[in-house]
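User: Could you take a close look at one part of this model for me, the largest pocket and what surrounds it? I'd love one connected walk-through.

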Amino acid sequence: LRGTLRNFGLKVGVAGATRFEARIRELVENFPDLAVLVEPLLVVRRTLREQLGILHRHLLTIARDDEVCRRLMTIPGVGPVVALTYRATVDVPARFRNSRAVGAVFGLTPCKYQSGESDYTGGISRCGDEMMRVMLYEAAQSMLRSKKWSWIKAWAMQIARRRGMKKAIVALA
C-alpha cells in the first residue's frame, strides 16, 4: 500500500498498526479512482492480520500445553516459536548421545580441513537444519541483549570479549 500510494505522490508517514488503515483512507479520500484500488488491499491486509492473530494464539496454546516447550521457554530469548521449532527438529532426543551431537545436526559445529601438514578449524559447517540454526541464532542474540543475567550469558560475554560478538552468538546458539 505504501508503494502504491508513493507512485501517486502520497506519503503515508509514520502510522502504527491501528492507525494505518485510517491514514490510508484519509490520503485517498480525494482520489476516488485510487480509493477503488486501495480498498481491496485494505480488506486483504485486515483479514491477513486477523488470521495471523488466530494462528499466533494457536501457536501459544500448543507451546503452553507441551512440557518440553514450557521448559525451553524459561531460557531468556527463547519464545514459543523457537521452542516449538526445537521440539519439532529434535523429535526423539534419545537418538543423540550428547548435546554436541545435536549441535552437529544443526550445522553449528566447526568445519575441519586437513591435508598434508595443513590442519585448521574453520567456521561453522552450516550443513544441517537451516531454520533451526537461524532460530537458535536469534534466540542467542536476544539473550545477549536482555537485561536478565545468567551463567550462560556470562560465558558468552567472555567469548564476545575475546573473539567478538558474532562468534559469541554462534557459540551460545
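Analyst: Helix α7 gives the largest share of the lining of the largest pocket, with six residues. Happy to walk you around from there, keeping in mind that this is a predicted model. The helix is not alone in that job: α5 (80-89), α6 (99-106), β2 (118-124), α7, α8 and α9 each supply at least two residues of the lining. The space inside the pocket comes to about 1,400 Å³. The lining counts 37 residues, and those closest to the centre of the pocket are L108, V170, A171, L172 and A173. By class, the lining divides into 25 nonpolar, six polar and six charged residues.

Let's go round the contributing helices, beginning with α9, which spans residues 165-172. Which of its residues are buried? They are A168, I169 and L172. These residues sit on the same side of α9, because they cover an arc of only 100 degrees around the axis. The partners they pack against are α7 (130-145) and α8 (151-163). L172 is worth a second glance: this residue is buried in α9, and L172 is also among the residues closest to the centre of the largest pocket.

Now back to α7, where M135 makes a good reference point. Why does M135 count as buried? Its relative accessibility is 17%, and buried means under 20%, so M135 falls in that class. Once neighbours within four places in sequence are left aside, M135 is in contact with V81, V82 and T85. The helix α5 covers residues 80-89, so those three partners of M135 can be followed straight into that helix on your display. For T85, the separation from M135 is 50 residues in sequence, yet the C-alpha atoms are 7.8 Å apart in space.

Further along α5 comes T89. T89 counts as buried too, because its relative accessibility is 17%. Not counting residues up to four places away in sequence, T89 touches R95, F106, D129 and M132. For a longer view, the C-alpha atoms of T89 and A35 are 54 residues apart along the chain and separated by 46 Å.

One of the partners of T89, R95, takes us into the loop between α5 and α6. Seen from R95, with neighbours within four places in sequence left aside, the contacts are T89 and V90. R95 and T61 are 34 residues apart in sequence, and their C-alpha atoms are 27 Å apart in space.

Another partner of T89 is F106, and this residue belongs to α6, where V102, G103 and F106 are buried. Here again an arc of only 100 degrees around the axis puts the buried residues on the same side of the helix, α6. What covers them includes α5 and α7.

There is a second pocket to look at while we are at α5. The second largest pocket holds about 180 Å³ of space, and its lining is made of V68, R71, L72, I75, Y86, R87, V90 and P93. Which helix gives the largest share of that lining? The answer is α4, with three residues. At least two residues each come from α4 (67-72) and α5. That makes α5 a contributor to this lining and also to the lining of the largest pocket. V90, a contact of R95, is one of the residues lining the second largest pocket. By class, this lining has six nonpolar and two charged residues, with no polar ones.

Finally, a step back to place these parts in the whole protein. There are nine helices and two strands, and from the N terminus the elements run α-α-α-α-α-α-β-β-α-α-α. The protein is more spread out than a compact globule, because its radius of gyration is 23 Å, well over the 16 Å that the globule rule gives for 173 residues. Along the principal axes, the C-alpha atoms fill a box of roughly 75 × 45 × 30 Å. Buried residues make up 28% of the 173 residues. Among contacts with a separation of 6 or more, 33% join residues 24 or more positions apart.

Note on methods
Residues numbered from 1 in each chain as written. Predicted model: local features only at pLDDT ≥ 70, side-chain atom pairs only at ≥ 80, totals over all residues. Heavy atoms only, no water. Buried < 20%, exposed > 50% of the residue type's maximum accessible area, 1.4 Å probe, protein only. Helix = DSSP H or I, 4+ residues; strand = E, 2+ residues; numbered from the N terminus. Arc of directions from axis to C-beta. Contact = heavy atoms within 4.5 Å. 1 Å grid on protein atoms, 1.4 Å probe; cavity = no way out; pocket = protein on both sides within 12 Å on 5 of 7 lines; lining within 4 Å. Points joined across faces, edges and corners; volume = space filled by probe spheres on them. Nonpolar A, V, L, I, M, F, W, Y, C, P; charged D, E, K, R; others polar. Rg over C-alpha atoms; globule rule 2.2 N^0.38 Å.
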